[in-house]
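Trainee: I would like to learn how to read a structure that is new to me, beginning at the surface and then moving inward. Could you take me through it one feature at a time?

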Amino acid sequence: MNKILLATTVMLYCVGCTSKIQYLPGATGVQALSNSDSDIATCKKIGASSVQSQHPNNFRKAISNEVYMQGGTHYEIVSTDEGWTGKVTGAAFDIYKCENE
């Protein structure tokens, strides 16, 4: 019984680590806000959001999808959460809509 439980746990862990988030159609154009003053001047903050407990490989896709669903074109990360490996797994970010893009 313990071997079955252990095997099931290992399988679920591996499946969770390898699951991949796909970009929503249109979310691939979402970008991080640049530090250029001219770019910032054409952008308006429209909200804030966060993503949590993401595999590091899915981190950018999760943010892009969330920004796109909220009607934004750019984001600026405000704070990050790190996993036990030291890689970023979550973040709070501001959402911007930029007119030039």
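Mentor: Let us begin at the surface, keeping in mind that this is a predicted model. L24, Y68 and M69 together form a nonpolar patch there, and their combined accessible area is about 280 Å².

Trainee: Is M69 buried or exposed, and by what value is that decided?

Mentor: A residue is called exposed when its relative accessible area is over 50%. M69 has a relative accessible area of 56%, so M69 counts as exposed. This residue belongs to helix α3.

Trainee: Which residues of α3 are buried, then?

Mentor: The general idea is that an α-helix has 3.6 residues a turn, so residues three or four places apart point the same way. In this structure, the buried residues of α3 are F59, A62, I63, S64, N65, E66 and V67, and these buried residues pack against β2, β3 and β4.

Trainee: How does the helix as a whole lie on the strands, and what comes just after α3?

Mentor: Helix α3, which covers residues 59–69, lies across β1, β2, β3 and β4, and runs at about 35 degrees to β4. Just after α3 comes G71, which takes a positive phi of about 90 degrees.

Trainee: In what order do the strands of the sheet stand?

Mentor: To read a sheet, one follows the strands from neighbour to neighbour. Here the 4 strands make an open sheet in the order β1-β3-β4-β2, and the pairing is mixed. Both β1 (31–32) and β2 (43–51) have a single partner strand and stand at the edges, so one side of each is left without a neighbour in the sheet.

Trainee: Which pairs run parallel or antiparallel, and how many bridges join them?

Mentor: β1 and β3 run parallel and are joined by 2 bridges, with A32 standing opposite Y75 in β3. Strand β3 (residues 74–82) and strand β4 (residues 88–98), on the other hand, run antiparallel and are joined by 8 bridges. Among the facing residues there, S79 stands opposite A92 in β4, while T80 stands opposite A91 in β4.

Trainee: How many residues lie between β3 and β4?

Mentor: These two strands form a hairpin with 5 residues between them, and in the turn G86 has a positive phi of about 90 degrees.

Methods. Residues are numbered from 1 along each chain as its sequence is written. This is a predicted model: local features need pLDDT of at least 70, side-chain atom pairs count only at pLDDT 80 or more; totals for chains, interfaces and linings use all residues. Side-chain values use heavy atoms; hydrogens and water are left out. Two strands pair if DSSP finds at least two bridges between them. Contact means heavy atoms within 4.5 Å. Axes are lines fitted to C-alpha atoms, for helices over the stretch in contact, and angles run from 0 to 180 degrees between N-to-C directions. Patches are made of residues with over 30% relative accessible area and no salt bridge: like charges are joined within 9 Å, nonpolar side chains (Val, Leu, Ile, Met, Phe, Trp, Tyr) within 5 Å. Accessible areas come from the Shrake-Rupley method with a 1.4 Å probe; for residues, only the protein chains shown count as cover. A salt bridge is a side-chain nitrogen of Lys or Arg within 4 Å of a carboxyl oxygen of Asp or Glu. Buried means under 20% relative accessible area, exposed over 50%, partly exposed in between (1.4 Å probe, protein chains only).
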